[in-house]
Amino acid sequence: MIRLLYLFTLALCALPFVPGVLGILIPAFSWLPPLGLTTPNLSAFDAVIQWPALTQSLWLTLFTGLGSTGLAVLFCFLILRQYWNSPHWQRVEHSLSPMLAMPHVAFAIGFAFTFAPAGWFFRLLEAMGLDTNGWFSLIKDEYGIGLLLALAIKETPFLLLMSISVLQQIKVNRLTAVASGLGYSHNESWFKVILPQWLPGMRLPIFAVAAYGISVVDVALILGPARPPTFSVLVWQWFNEPELTLLPRAAVGAIVLLGLALLALGFIRLLEWLLLQRCRQWQIDGPRQSKRTRSNLHQPHPKLRFPSYAPFVLIPVLVIPVLVLWSFAHRWRFPDLLPSRYSLRFWQQESLSLVELAANSLSLALVSSLCALFLAIACLEYRQQYQRGIPSWLIALPMVLPQLSLLFGIQITTYLIPGQWYWLWVAWSHLFFVFPYLYLALDGPWRNYDIRLDQSARSLGLSGWQTWWRVKRPLLLPAIWLGLAVGVSVSLAQYLPTQMLGAGRISTLTTEAVALASGQDRRVSAIYGLLQGVLPFLFFTMAIAASRYSARYTRRTQQQRRERPDDIICGKPHYK
């Protein structure tokens, strides 16, 4: 049974790439018989090349995608250098979960409401007596700086979370102790000793962040420039053209976007190689601090000291009160710091739609996450028994390849299948993108599990299923709860899979939030953005509570069993 589940998961991870690639290659050559296009040609390629401002859109995409990735990596490393193993690190670590729980769309809406020309930040500056007329706006700016900063701030907590396991594996404490004994200062230890080992371990998370920054559509629609837009938004606009005979142009755009993402990943890999292999003199030239500073080796250098982790906590936390204020505001004139009148009218007006959309979102999230959890556990158990797991590159592909390119080809393939299975296609696409994150979330706990516990349980007469349920499950249940919360949050944030494979017939909170953020009433947009951000946070809260309860229950049960050893070892009744 477990072998069949493993093979099914391999098919789930590998087979979508076949229609995904063929579905953009074949239409790109203008061959779509259902639309009457039966003569292959290169007219679609010519249409894309001749598109006005194409070069500017491509450079804008590279600037925002690679710029946000570089800033996020820099911020992450500097925060780790300052706070790792310090008294403040536990506070930083505890702040990661609520920041990661907030979807990109909800953060983008709150970011726009905060830093727009009439946003709360400019209201605060006006209240301080500053004239903000003519100031540069971060929202919809032509250079994409607001989009770049928003992506960098949102992705930094993700890289910090991924860095925890990497730093634990390379044993930072021992490295810094040895480096300190050799005369390296705190900064030199991190830049010359830890950075060359941390960076290769973070390759996959950095690739995932870069690929998302290159191909992001929903956040770019809210914060990015409009004339010209980023290339992913431009391809999305081509895809939504009402004239179906223009689909070959969108297919060529999807191919170009895929090539652009691969080019960006190759550029990042080349930079890593140049930094760590070709430019090694800075790593091996030894310590350079003066004798006067050798007595304070463990303290960060004041000139390189990162100011604080506060901006990465305050900005995501600030957007929630801004969304709450806008959702209840009835009249809020600029430059008033707070609304002059409040009302529940907009909540009452949208209540029926919110219930329906929340039900759709939760049903898709729970079905896809539970299925992904079941398959991930089966694959991890198969790896433990047969020492053969899913290849890492196959897990990474859905994370590092542009969603728009893959989904375009998959959707073209679904046109050939009769029937309207939109909900099923959307649920399957969510499962396809949720599985890698959930698998990686459970991979560490499964690797750290002591297999000798299973061997001891089997030697005492328990079957394989009894061993898993009574011994392994209680120990791994906290990780399972948190992994399920990760899967639900990833599913709730899916925009392109829901729009493309649902053909506009499956609406969720995310799809409506993006649609309303493009110019509708700010109060309605704030309601949808707030609810879209609250749901993942609730799941993370419930998962943390459930994991703590399960861990406490396991310890209590083990304590009770230790008090009655005859029941477990000898099987004799216990008499009071």
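Pro-228 sits in the loop that runs between α13 (218-223) and α14 (231-239). This is a predicted model, so let us take its details as computed values. The bond that leads into this proline is a good place to start: Arg-227 and Pro-228 are joined by a cis peptide bond, with omega at about -5°.

A second cis bond turns up further along the chain, running from Phe-334 to Pro-335, with omega near 10°. Pro-335 also belongs to a loop, the one between β1 (329-331) and β2 (341-342). While we are looking at loops, Asn-85 deserves a glance too. Its phi is near 65°, which is a positive value in a residue other than glycine. You will find Asn-85 in the loop between α4 (54-83) and α5 (89-94).

Now to the helices. Two packed helices are described by the angle between their axes and the distance between the axes. Here are two pairs from this model, set side by side.

| Helix pair | Angle between axes | Axis distance |
|---|---|---|
| α10 (residues 172-181) and α11 (residues 186-201) | roughly 140° | within 10 Å |
| α20 (residues 403-414) and α21 (residues 422-448) | about 145° | 13 Å |

The crossing of α10 and α11 is right-handed. On the α10 side, the contact is made by Val-172, Leu-175, Thr-176, Ala-179 and Ser-180, and α11 answers with Ser-189, Trp-190, Val-193, Ile-194 and Gln-197. Sorted by class, the residues of this contact are six nonpolar, four polar and no charged.

For α20 and α21, the crossing is right-handed as well. Here α20 brings Gln-403, Leu-406, Leu-407, Ile-410 and Thr-414 to the contact, while α21 supplies Trp-425, Trp-428, Phe-432 and Phe-433. The class count for the contact of α20 with α21 is seven nonpolar, two polar and no charged residues.

Next come the charged pairs. Side chains of opposite charge can pair when their charged atoms come close. In this model the count comes to seven salt bridges. One of them links Glu-381 with Lys-472, and the closest N and O atoms of the pair are 2.7 Å apart. Glu-381 lies in helix α18 and Lys-472 in helix α23, so this salt bridge ties together parts that are 91 residues apart in sequence.

Finally, a look inside. A search of the whole structure finds one cavity of 30 Å³ or more. The space in the largest cavity is about 40 Å³. Its lining is made up of Ser-361, Leu-364, His-430, Ser-491, Leu-492, Gln-494, Thr-498 and Thr-508. The helices α18 (345-386) and α23 (464-492) are the elements that give two or more residues to this lining. That brings us back to the salt bridge, as Glu-381 is in α18 and Lys-472 is in α23. As for chemical character, the lining residues of the largest cavity divide into two nonpolar, six polar and no charged.

Conventions:
Residues are numbered from 1 along each chain as its sequence is written. This is a predicted model: local features need pLDDT of at least 70, side-chain atom pairs count only at pLDDT 80 or more; totals for chains, interfaces and linings use all residues. Side-chain values use heavy atoms; hydrogens and water are left out. On a 1 Å grid over the protein atoms alone, a cavity is a set of points where a 1.4 Å probe fits but cannot get out, and a pocket is an open set with protein on both sides within 12 Å along at least five of seven lines; lining residues have an atom within 4 Å of a point. Grid points are joined across faces, edges and corners, and a volume is the space filled by probe spheres set on the points. Helices (H or I, at least four residues) and strands (E, at least two) are DSSP runs, numbered from the N terminus. Ala, Val, Leu, Ile, Met, Phe, Trp, Tyr, Cys and Pro count as nonpolar, Asp, Glu, Lys and Arg as charged, and the others, Gly among them, as polar. Axes are lines fitted to C-alpha atoms, for helices over the stretch in contact, and angles run from 0 to 180 degrees between N-to-C directions. A crossing is left-handed if the near helix is turned anticlockwise from the far one by less than a right angle, and right-handed if clockwise. Contact means heavy atoms within 4.5 Å. A salt bridge is a side-chain nitrogen of Lys or Arg within 4 Å of a carboxyl oxygen of Asp or Glu.
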